[in-house]
Amino acid sequence: MQVGEALRGRISTRAFLDRPVDEATLRGILDTARWAPSGGNLQPWKVHVVTGAARQRVIDAVKARLNTDPFADENDFPVYPEKLWEPYRSRRYDLGEAMYELLAIPREDKMGRLNHLLKNLDFFDAPVGLFFVIERAMNPNQWAHLGMFMLAVALAAGEAGLATCMQEAWTRYSKTVGAALGVAEGEQVYCGMALGHADPNAPVNRLRSPRAPVDDFAVFHAD
Ligand SMILES: Cc1cc2nc3c(=O)[nH]c(=O)nc-3n(C[C@H](O)[C@H](O)[C@H](O)COP(=O)(O)O)c2cc1C
C-alpha cells in the first residue's frame with residue numbers, strides 16, 4: 001500500500017462487525033507503528049490493548065462511573081478550548097451535522113445524538129480497544145510524538161485491512177480507565193482507539209470529512 005493511499009483511505013470508522021482480530025495481527029500493527037519518529041527518540045508512548053473480558057471490564061467500569069455521575073469529567077484539561085473560534089468552530093459543527101445526517105438523527109433528537117455519542121464507550125462495537133498513555137511529566141512536545149504514533153497505528157491497521165476510530169471520548173473517564181487497566185500513578189490515559197473490521201453497510205461509515213486546501217494552512221517562503 002502506498003503512503004498516499006493509506007493516508008487518504010484512513011477514515012474514522014464508527015460501526016464495526018462482530019468479528020475478532022487475533023493477537024498476532026495486533027502485535028504486527030504495533031510492530032510497524034513503533035517505527036514512528038519522536039524527538040530524541042524518546043518513544044514516549046505506551047499502549048494498552050483490550051479484547052475479550054478485559055475490554056468488557058473497561059466498558060463496565062466506565063459505564064458504572066457514568067451511572068453514578070452522568071456529568072463525570074476526569075480530564076485534567078478540556079479536550080477543546082472552552083470557546084472555539086473560526087474556522088475551527090464551524091469545522092466541528094459541520095462534522096457533527098454531516099455525521100448525524102448519515103445517522104438520520106435530527107438536531108431536535110437530543111437523546112438520539114447522546115446515545116450515538118455513548119457508543120464511543122462501546123468502542124462502536126469494535127472487538128479491540130487501544131488506550132494511548134503518556135507519562136504526566138512529559139512536555140507538549142512528547143504529546144505531539146504520541147500523536148504520530150497513534151497515526152502510525154491507524155495506518156498500519158489500515159494496511160492490515162482493519163479500520164479504526166481515535167476516541168478522545170474516553171478521556172472524560174481517563175482515571176476510571178487508568179484504574180481498570182492498572183495504569184501507573186504518574187501516567188495519563190490520553191486517548192482511546194476502536195479497532196476492527198468496518199461494517200460496510202453502516203451509513204455512518206460513509207462519512208468522509210473535508211479538509212481545507214493547502215493554501216489555507218501552508219505558507220511558502222522563498223527568496
Ligand atoms: C485524537 C483524536 C480523537 C478523536 N476522538 C473521537 C471520538 O472520541 N469520537 C469520534 O467519533 N471521533 C473522534 N475522532 C475522529 C475525528 O472526528 C475525525 O478524525 C475527523 O473528523 C476527521 O475525519 P476522518 O478521521 O474520518 O478523516 C478523533 C480524532 C482524533 C485525531
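This is a short dialogue on reading salt bridges, a ligand shell and backbone angles in one predicted model.

Student: What should I know before I start?

Tutor: This is a predicted model, where local features need pLDDT of at least 70, side-chain atom pairs count only at pLDDT 80 or more, and totals for chains, interfaces and linings use all residues. Residues are numbered from 1 along each chain as its sequence is written, and side-chain values use heavy atoms, with hydrogens and water left out.

Student: How many salt bridges does the structure hold?

Tutor: The general idea comes before the count. A salt bridge is a side-chain nitrogen of Lys or Arg within 4 Å of a carboxyl oxygen of Asp or Glu. The structure holds twelve of them. Take Asp 31 and Arg 34: their closest N and O atoms are 2.6 Å apart.

Student: Are Asp 31 and Arg 34 buried or exposed?

Tutor: Use relative accessible area, with a 1.4 Å probe and protein chains only: buried is under 20%, exposed is over 50%, and partly exposed is in between. Asp 31 has 40% relative accessibility, so it counts as partly exposed. Arg 34, at 41%, also counts as partly exposed.

Student: Which parts of the chain does the salt bridge of Asp 122 and Lys 63 tie together?

Tutor: You need names for the parts. Helices (H or I, at least four residues) and strands (E, at least two) are DSSP runs, numbered from the N terminus. The closest N and O atoms of Asp 122 and Lys 63 are 2.7 Å apart. Asp 122 lies in the loop between helix H5 (110-118) and strand E2 (128-135), and Lys 63 lies in helix H3 (residues 52-68), so the pair ties together parts that are 59 residues apart in sequence. Asp 122 is partly exposed at 23% relative accessibility. Lys 63 is partly exposed at 29%.

Student: Where do Glu 97 and Arg 107 sit?

Tutor: Their side chains meet in a salt bridge of 2.7 Å, N to O. Glu 97 is in helix H4 (residues 88-102), while Arg 107 is in the loop between H4 and H5, ten residues apart. Glu 97 is partly exposed, with a relative accessible area of 23%. For Arg 107 the value is 38%, again partly exposed.

Student: What joins Arg 113 to Glu 97?

Tutor: A polar contact does, at 3.1 Å between the side chains. The term means a pair of N or O atoms within 3.5 Å; within protein, one must be able to donate a hydrogen and the other to accept it, and residues adjacent in sequence count only if both atoms are side-chain atoms. Arg 113 lies in helix H5. Arg 113 is buried, with a relative accessible area of 12%.

Student: Which residues does Arg 113 touch?

Tutor: Contact means heavy atoms within 4.5 Å. Not counting residues up to four places away in sequence, Arg 113 touches Glu 97, Tyr 100, Ile 105, Pro 106 and Arg 107.

Student: How many residues apart in sequence are Asp 76 and Arg 136?

Tutor: They are 60 residues apart in sequence, and 10 Å apart in space, C-alpha to C-alpha. Their side chains make a polar contact of 2.7 Å. Asp 76 is in the loop between H3 and H4. Asp 76 is partly exposed, with a relative accessible area of 43%.

Student: Which residues come nearest to the ligand?

Tutor: A residue is near a molecule or strand if one of its heavy atoms lies within 4 Å of it. Of the 17 residues around the ligand, Ser 12, Arg 14, Glu 168, Ser 209 and Arg 211 come nearest. A polar side-chain atom of Arg 14 lies 2.6 Å from a ligand oxygen atom. In the side chain of Ser 209, an N or O atom is 2.7 Å from an oxygen atom of the ligand.

Student: Which element gives the largest share of the shell around the ligand?

Tutor: E3 does, with three residues.

Student: What is special about the backbone at Ala 104?

Tutor: Most residues other than glycine have a negative phi, and most peptide bonds are trans. Ala 104 has a positive phi, near 55°. Ala 104 is found in the loop between H4 and H5. Ala 104 is exposed, with a relative accessible area of 63%. Asp 223 also has a positive phi, near 70°. As for peptide bonds, the one from Glu 86 to Pro 87 is cis, with omega near 5°.
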